[in-house]
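This report examines a single protein chain through its sheets, one of its helices, two loop residues and its charged pairs. The sequence and the structure are shown first.

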Amino acid sequence: MKKRRWKMLMVGTSLILTFSIVLYTFWDNNRLIIVKENILIENLPDEFEGFTILQVTDLHEKEFGNNNKKLLDAINSVDYNAIVFTGDVLDSLESKNYDYFYTLLDGIKNKENAFFTPGNTDPEIYGLDLKGNLMKNEFVTGMEKRGVKLLESIESINNQEAKLYLADFEMSLMTSDAVRQDYNGKVRPKYAVLPEYSAYESTLVDRISVIDELNDSDVLIALNHYPVIDARVDYIKKQKDYEFRKYDLIIAGHYHGGQIRIPFLGALFVPEPWYNNGGILPPQDRVKGFWEYKGTKQYVSAGLGSSDAISVMNFRLFNTPEINVLSLTGGE
């Protein structure tokens, strides 16, 4: 009799615990937090002290409230100098749900310095028109009409004599000797093999060469959808046709903070081919947030949405969606 009661108690407790976790997960997946980080930049000009970058990444078409009202309220509550979207705003290469992103952009008040770098689930940014001319995807042209610029080479933000540069990380690796972008660690888009794009890519390399002329006081920040882990940094530095620049900061996403996290253990998996085990039980200090390797600082956001690579696990567990406020400081 006692064994039966004990068994019933255990079953009841397990059901209550499971139900509680399900309720918590549903609630947690539909809220978001604002994570703030001060980033120390050596030789930061006084003009950029406190310069703030708002990072929004890995939405995967997730909505927070009707027409993303919760997300818009959070974005518009932040006093920032630049806003960057680091990819995977849509949920698949084939998605035509452009209005999802457009509606969000229409509601953002500050787009003075707004930039986008694509992720692996965003539509390919280039294709050919009926005449065989290289053209931007409709998704990108609609985005740019709403004040967000596709970052495919380098852009500068000037404050008096001081300059802050935002560069596409992959493009910034290229030198005049490089034949084409190194796609190790990222998905190669179909347009990359088009002769028309190769010609255009040469103009992007010419633009990025301004990095060679930067002063010590100039700030160089690279955007990339994919984090650049230690092994890839070492790999790039060994390539004779590519150059790993003196970045003040790299900003990335993609990992979703591990998406499924276990208390006291952390992330179970991140999609990272540069790890020997494919990203299973990754180094927990390389999953999200700030890290530094061989003098290069990097910030990786856990992002907002979730991946459906495994359809039954298209949710985040103990991993609250987030947007990120990165404030630059010289430390004085």
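Two residues are in contact when heavy atoms of theirs lie within 4.5 Å. The coordinates are those of a predicted model, and every value below is computed from them.

**Two residues of one loop**

By that criterion, and not counting residues up to four places away in sequence, Asn-68 touches Lys-62, Glu-63, Tyr-100 and Leu-104. Asn-68 belongs to the loop between strand 2 and helix 2. Because buried means under 20% relative accessible area, Asn-68 qualifies as buried with its value of 1%.

His-60 is also placed in the loop between strand 2 (52-56) and helix 2 (69-76). His-60 is buried, its relative accessible area being 8%. Leaving aside neighbours within four places in sequence, the residues in contact with His-60 are Asp-88, Val-89, Leu-90, Asp-91, Thr-121, His-256 and Ser-306. With His-256 there is a polar contact from side chain to side chain, at 3.1 Å.

**The two sheets**

Strands of a sheet pair through backbone hydrogen bonds, in either a parallel or an antiparallel manner. One open sheet of six strands follows the order 1-16-2-3-4-7 and has mixed pairing. Strand 1 and strand 7 stand at its edges with a single partner strand each, so one side of each is left without a neighbour in the sheet. Within this sheet, strand 2 and strand 16 (residues 322-329) run antiparallel and are joined by four bridges. Thr-52 has Ser-327 in strand 16 as its bridge partner.

Another open sheet of six strands has the order 8-9-10-11-15-14, again with mixed pairing. Its edges are formed by strand 8 (154-159) and strand 14 (289-293); each has a single partner strand, so one side of each lacks a neighbour in the sheet. On average, neighbouring strands of this sheet are turned by 20° against each other, direction ignored. Strand 9 (residues 162-168) and strand 10 (residues 219-223) run parallel, with five bridges between them. Opposite Tyr-165 stands Leu-220 in strand 10.

**Helix 4 and its surroundings**

Which residues of helix 4 are buried? In this helix (residues 138-145), they include Phe-139, Val-140, Gly-142 and Met-143. These residues cover an arc of only 165° around the axis, which puts them on the same side of helix 4. The face turned away from the buried side carries the exposed residues Glu-138 and Lys-145. Among the elements that cover the buried residues are helix 3 (98-107), strand 4 (114-116), strand 6 (134-136) and strand 7 (149-150).

The N-terminal end of helix 4 is capped by Asn-137, of which a side-chain oxygen lies 2.5 Å from the backbone nitrogen of Phe-139. After the helix comes Gly-147, with a positive phi near 95°.

**Charged pairs**

Side chains of opposite charge can pair when their charged atoms come close. The structure holds 12 salt bridges. Three of the pairs are listed here with their N to O distances.

| Basic residue | Acidic residue | Distance |
|---|---|---|
| Lys-297 | Glu-42 | 3.3 Å |
| Lys-69 | Asp-73 | 2.7 Å |
| Lys-136 | Glu-144 | 2.9 Å |

The pair of Lys-297 and Glu-42 links distant parts of the chain: Lys-297 lies in strand 15 (residues 296-300) and Glu-42 in the loop between strand 1 (33-40) and strand 2, 255 residues apart. Lys-297 counts as buried at 6% relative accessibility, whereas Glu-42 counts as partly exposed at 46%.

In contrast to that long-range link, Asp-73 and Lys-69 both lie in helix 2, four residues apart, or about one turn of the helix. Asp-73 is partly exposed, having a relative accessible area of 42%.

For the pair of Lys-136 and Glu-144, each residue is assigned a class of exposure. Lys-136 counts as partly exposed at 23% relative accessibility. Glu-144 is likewise partly exposed, with a relative accessible area of 25%.

Beyond these pairs, a network of salt bridges links Asp-212, Glu-243 and Arg-245.

Note on methods:
Residues are numbered from 1 along each chain as its sequence is written. This is a predicted model: local features need pLDDT of at least 70, side-chain atom pairs count only at pLDDT 80 or more; totals for chains, interfaces and linings use all residues. Side-chain values use heavy atoms; hydrogens and water are left out. Two strands pair if DSSP finds at least two bridges between them. Axes are lines fitted to C-alpha atoms, for helices over the stretch in contact, and angles run from 0 to 180 degrees between N-to-C directions. Buried means under 20% relative accessible area, exposed over 50%, partly exposed in between (1.4 Å probe, protein chains only). The arc is that of the directions from the helix axis to the C-beta atoms. A polar contact is a pair of N or O atoms within 3.5 Å; within protein, one must be able to donate a hydrogen and the other to accept it, and residues adjacent in sequence count only if both atoms are side-chain atoms. A salt bridge is a side-chain nitrogen of Lys or Arg within 4 Å of a carboxyl oxygen of Asp or Glu.
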